[in-house]
Amino acid sequence: MLSEKTAVTQSENYWRKHLMLDPRPVREMNQMILTAMTTVNKRYWITVTTLTLFVTIGLIGAWGYQIFNGMGVAGIRRPVYWGVYITNFVFWIGISHSGTFVSAILRVFKAEFRRPITRASELMTTFALTVAGLYPLIHLGRTWRFYWMIPYPNQRQLWPNFHSPLMWDMLAIFTYLIGSTLYLYLPLIPDFAMARDRTTGWRHRIYRILALGWRGSESEWHHLKQAITIFAFAIIPVMFSVHTIVAWDFGMTMVPGWHSSIFGPYFVVGAIFSGVSAVATVLIILRKTMQLDYFLREEHFDAIGKLVLVFSFAWTYFFFADYLTEWYGGEAVGKELLTLQARGPIAPLWYIMLITNILVPWLTLWNRKIRTSPKALLVITLGVNIGMYIERYIIVAGFLTRNRLPFDWGAYTPSIVEILISIGSLSTFLLLYVLASRLIPLIPVWEVHEGQISHTLRRVGQALLPSVSELE
Amino acid sequence: MSKYEHHWTMIVDLDKCTGCQACVIACQAENNIPVVGEDEIRKGRGMQWLRIERYWEGEYPNIRARFIPLMCQQCENAPCEPVCPVFATYHSEVDGINVQVYNRCIGTRYCANNCPYIARMFNWFDPQFPEPLNEQLNPDVTVRQRGIMEKCTFCIQRIRRARETAEAEGRSIRDGEVQPACGQACPTNAIIFGDLNDPNSQVSRLAANRRGFRLLEELGTEPAVIYLKGGESNVI
């Protein structure tokens, strides 16, 4: 007697909590996505205009000014030859790890909560890489000669130096950009076809081209699935290589504080830490601004919150290992670096980093209530990215102020040009994302649908249990 | 005997050095090093290829000043060379020194970060030679553009000129024939320059001196600059 009632309450609980157990007709889901994509209000255009303005000031105005006058307009100086530009570069490469990690690794391990969030994070990867790719150009003394790094046949038979980590870096970033863009595009094809069939006018024309004539036949699905699986596996080692090589730009040198064998994995973990946090930030904002409450639920924030906590543990472990090694090494200059962080001019930043990256996640994210509260998670994940930015700033600009010859120690403060370019590049990322949010289906409807088909509630005795079947 | 045709080496006798900075000025004049002005100097953007590093030791009144002229050490295992993505800096097989190709440099500044001697200077702006400095530009030396790296070359233009003269006269370069601007200007002859491959050269004899040491020797960069220091003589 009681069992029937309990069962109903149980299943209602499941619906409310789990997207996979709360199926709706595909038509309805398609409509939700299309509505979200085509709804633009005044606030949207104000955002677009403001961002365009910042991009123009930062990337055309400030960068142009720097190219025509010389690197001197930036705050960098001897011995701090790399400053905010390289910090930004490492930061954006880190953000770009979100997509592949959340999407590819979770896809490979068949984590079901990934289904509605893959697209949003893959999009971040591509745009963050685009922005990151600007920085090696921005930071070049002679930007107009950047193509000398490309191995092209030329009359003087000059070849780039493949011993240089910067060359490895360039190759890795290009590979990753191409790979992640294809990986973003493949699962988009059925969604483009969906949009093609339900739109008219210019949208229809664009989606018709992008959908590549997708009809949804058995063989098309088979090939697509196979391609996605291949890419999901292949992109993971590429992702690891990219940030490892970025770390090697530092690790391969003999600069005190940089020359460390731990830098490769340390940077990879840091990148995933900041990337996953950025995914949470973006999802919270998307859900709020695009009314995606049906697709993005507490369970997703709960899962991402757990990931952020796990990567906070992992990052802390690497940070501690690196710190302790420097401390016990006892080299004079190494000691100086530790003093610089604990009591020097960058000490406030260092303590903020410890608070946002370790203290706050550890004290809050173990709690389910906090993990599932969008507001709290937004603050925590933004904090993590501020902390991760500081980490890179300390490593790049902080450590360079000290070296083995105290006479040549220096100080560094970013100049207005560096700040404007940084704001410009952040705005570029945001602008690309804001524009894409109205052009690209941000939730992979077919993936959600596929998940919903494979999930059922089964009665076992008096209990209702969710079960998943393999569709492949 | 090294693998190079010449192994140019500099000896800096710290026991003779008075810290007068004549070498710094001579270097600046010889190599068309731009004058950057007070503000830039204050920012740490002075471009002297050669500088006198001064360290204070102790507390007043028992205070001592120590100083050392420091320039590119022309390392045998130069950390700046492998990191350049475009081969703008490489090791000369003729002279055994570290060469900077201005026209090839794209300005990543990676080499400068990796130099443990902080010996590399960057052209933050296009060079300025206000009147009358433009009248004394050295025609043997390129004026560098903004955005590229430069550093002490061991006065490569003088080495080249000596080699061409010697070739024209059908002989090898004589010891003491090449003298960099800093050595020429030094009033106490603290800077000696020559070919380490020649066992009878002045540098070869001085290099064997037991007062000799190389800067940051523990890094294994094998500098071609050898400092000599015996006692407390260069302390004021």
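Reader: Which side chain meets that of B:Asp95 in a salt bridge at 3.2 Å, N to O?
Author: The model is predicted, so local features need pLDDT of at least 70 and side-chain atom pairs pLDDT 80 or more, while totals for chains, interfaces and linings use all residues; side-chain values use heavy atoms, without hydrogens or water. Residues count from 1 along each chain as its sequence is written, with chains lettered from A and ligands numbered from 1 in written order. A salt bridge puts a side-chain nitrogen of Lys or Arg within 4 Å of a carboxyl oxygen of Asp or Glu. Here the N to O distance is 3.2 Å, and the partner of B:Asp95 is B:Arg163.

Reader: How many residues apart are B:Asp95 and B:Arg163?
Author: B:Asp95 sits in the loop between β4 (89–91) and β5 (98–100) of chain B. B:Arg163 belongs to helix α5 (residues 156–168) of chain B. Elements are DSSP runs numbered from the N terminus: helices (H or I) of at least four residues, strands (E) of at least two. The pair links distant parts of the chain, with a separation of 68 residues.

Reader: Are B:Asp95 and B:Arg163 buried or exposed?
Author: Buried means under 20% relative accessible area, exposed over 50%, partly exposed in between (1.4 Å probe, protein chains only). B:Asp95 has 0% relative accessibility and so falls in the lowest class. B:Arg163 has 15%, so it joins that class. On these values B:Asp95 is buried, and B:Arg163 is also buried.

Reader: What N to O distance joins B:Asp126 and B:Arg146 in their salt bridge?
Author: The two side chains meet as an acid and a base, B:Asp126 with B:Arg146. Side chains of opposite charge can pair when their charged atoms come close. For B:Asp126 and B:Arg146, the N to O distance is 2.9 Å.

Reader: Which parts of chain B hold B:Asp126 and B:Arg146?
Author: Both residues are placed in the loop between β6 and β7, so the salt bridge ties together parts 20 residues apart in sequence. B:Asp126 is partly exposed, because its relative accessibility is 32%. B:Arg146 is buried, because its value is 12%. The part that holds each of them is the loop between β6 (121–122) and β7 (149–150) of chain B.

Reader: Which residues form one network through shared salt-bridge partners?
Author: The network draws on chains A and B. Its members are A:Arg78, A:Asp408, B:Arg51 and B:Glu53.

Reader: How many salt bridges does the structure hold over all chains?
Author: One of them joins the side chains of B:Arg45 and B:Glu40 at 3.1 Å, N to O. Both B:Arg45 and B:Glu40 are buried. Over all chains, the total is 33.

Reader: Which strands stand at the edges of the sheet of 4 strands in chain B?
Author: The sheet is open, with mixed pairing and the order β8-β1-β10-β9. Each edge strand has a single partner strand, so one side of each lacks a neighbour in the sheet; the edges are β8 (191–195) and β9 (212–213).

Reader: Which residue in β10(B) is the bridge partner of B:Ile11?
Author: Two strands pair if DSSP finds at least two bridges between them. Strand β1 (residues 8–13) of chain B pairs antiparallel with β8(B) over 5 bridges, where B:Trp8 partners B:Asp195. Towards β10 (residues 225–228), β1(B) runs parallel and makes 4 bridges. In β10(B), the partner of B:Ile11 is B:Ile226.

Reader: How many residues of β1(B) are buried?
Author: B:Trp8, B:Met10 and B:Val12 point one way from the strand, and all are buried. B:Thr9, B:Ile11 and B:Asp13 point the other way, and all are buried too. The strand is mostly covered, with a buried count of 6 of 6.

Reader: How many residues of helix α4 in chain A are buried?
Author: The helix covers residues 84–95. Its buried residues include A:Tyr85, A:Phe89, A:Trp92 and A:Ile95. The helix is largely enclosed by the rest of the structure, because its buried count is 12 of 12.

Reader: Which residues does A:Asn30 touch, beyond those up to four places away in sequence?
Author: A:Asn30 lies in helix α2 (residues 26–38) of chain A. At 4% relative accessibility, it counts as buried. Contact means heavy atoms within 4.5 Å. By that test A:Asn30 touches A:Met194, A:Arg198 and A:Val445.

Key: The expected span of a helix is 1.5 Å times one less than its number of residues.
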